[in-house]
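Take a look at the model below and get your bearings. Then we'll walk through a metal site and the strands that go with it.

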Amino acid sequence: MSELKTYQIRCPRCRQEQPAGLYESINVKTDPDLRQKLMANAINVVRCEGCELSFRVDKPLLYHDPSRRIMIYLVPMADDAVENSERLFAQLLMNLENVLPAEVRPPTIGLVFNRTELVERIFLLEAGLNERIIEYLKYLLFTRNADRLNPARKELLFNAEDSTAESLCFVVQDVATRKLEAMLKYDRGVYATLAEMFDRDEQTPRLLELFPGPRISARALLLKELGREPASPES
Ligand SMILES: [Zn+2]
């Protein structure tokens with residue numbers, strides 16, 4: 001079931017307040033149209049009764065696809081407020097454990113910080129890809145193209161639409177302008193080799209070490225590394 005809750009929302013243009021129903025969670029098995037709405041950027045969009053402005057309200061949202069066992073929690077947050085988001089997320093997991101019967105193991109829930117990341121993650125999981133391996137490929141792309149891909153200014157997004165049986169596509173996005181700038185391809189053979197390694201050895205220490213979760217992001221990892229003394233990622 002999807003969960004809708006009423007909030008008192010103020011229009012950012014004319015400041016008029018009105019009650020608005022906003023989604024806490026969407027279940028795309030019971031409400032498949034909500035997946036479409038999310039892709040069309042039409043979830044939690046409010047139309048002001050005063051000035052008719054349509055605007056999106058960014059709030060936490062749980063995306064649930066029971067058929068594919070996908071659960072992703074979106075906590076809209078600026079890069080500098082990451083700690084707060086991770087605290088919110090821990091709280092959600094705790095609430096969930098209280099709700100579930102003792103014998104049920106809580107599901108794995110992904111954590112994303114904006115709608116773009118959420119949509120990217122949905123497509124990636126729907127394509128049967130592993131988010132840690134995809135982020136690892138991004139990590140390699142970032143570090144091998146360090147001269148033109150500065151993680152402070154550029155984001156890499158997995159592009160499911162243009163990926164083929166031979167190659168996986170990534171789009172370079174400028175963080176400030178949100179413009180998509182270039183396309184990078186990665187041989188799918190590399191993914192397959194990594195996936196095989198990952199399957200064979202559940203520990204796959206390097207991947208799990210790099211991306212322990214709940215947030216799995218090459219860019220966040222690189223920014224963290226850059227914030228420290230310039231140390232080798234191998235150390
Ligand atoms: Zn208004």
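Let's start with Cys 11, which counts as buried because its relative accessibility is 1%, and the cut-off for buried is under 20%. Keep in mind that this is a predicted model. Cys 14 is another story: at 36% relative accessibility, Cys 14 counts as partly exposed. That label fits because partly exposed covers the range between the under 20% of buried and the over 50% of exposed.

What do these two cysteines hold on to? Both help coordinate the zinc ion, along with Cys 48 and Cys 51, and each of them does so through its SG atom. The distances run from 2.3 to 2.4 Å. As for the geometry, the angles among the four donor atoms are 102 to 115°, and the site is tetrahedral. If you follow the chain, you'll find the donors of the zinc ion spaced as C-x2-C-x33-C-x2-C.

Now for the strands. Strand β1 covers residues 3-10, and it pairs with β2 in the antiparallel sense over eight bridges. The hairpin they make has six residues between the strands, and in it Arg 15 takes a positive phi near 70°.

How enclosed is strand β2? Eight of the 11 residues in β2 (residues 17-27) are buried, so the rest of the structure largely encloses this strand. Besides β1, strand β2 has a partner in β5 (residues 61-65), this time in the parallel sense and over three bridges.

Here are some of the bridge partners, if you'd like to find them on screen:

| Residue | Bridge partner | Strand of the partner |
|---|---|---|
| Tyr 7 | Ala 20 | β2 |
| Ser 25 | Leu 62 | β5 |
| Asn 27 | His 64 | β5 |

Zoom out, and these strands turn up in an open sheet of five strands with mixed pairing. Which order do the strands take? Going across, you meet β1-β2-β5-β6-β7. At the edges sit β1 and β7 (110-112), each pairing on one side only. Neighbouring strands of this sheet are turned by 25° against each other on average, with direction ignored.

Definitions and conventions: Residues numbered from 1 in each chain as written. Predicted model: local features only at pLDDT ≥ 70, side-chain atom pairs only at ≥ 80, totals over all residues. Heavy atoms only, no water. Donors = N, O, S within 2.8 Å, 3.2 Å for Na, K, Ca; no water. Tetrahedral: all angles 85-135°; square planar, octahedral: opposite > 155°, others 65-115°. Buried < 20%, exposed > 50% of the residue type's maximum accessible area, 1.4 Å probe, protein only. Helix = DSSP H or I, 4+ residues; strand = E, 2+ residues; numbered from the N terminus. Pairing = 2+ DSSP bridges. Axes fitted to C-alpha atoms, helices over the stretch in contact; angles between N-to-C directions.
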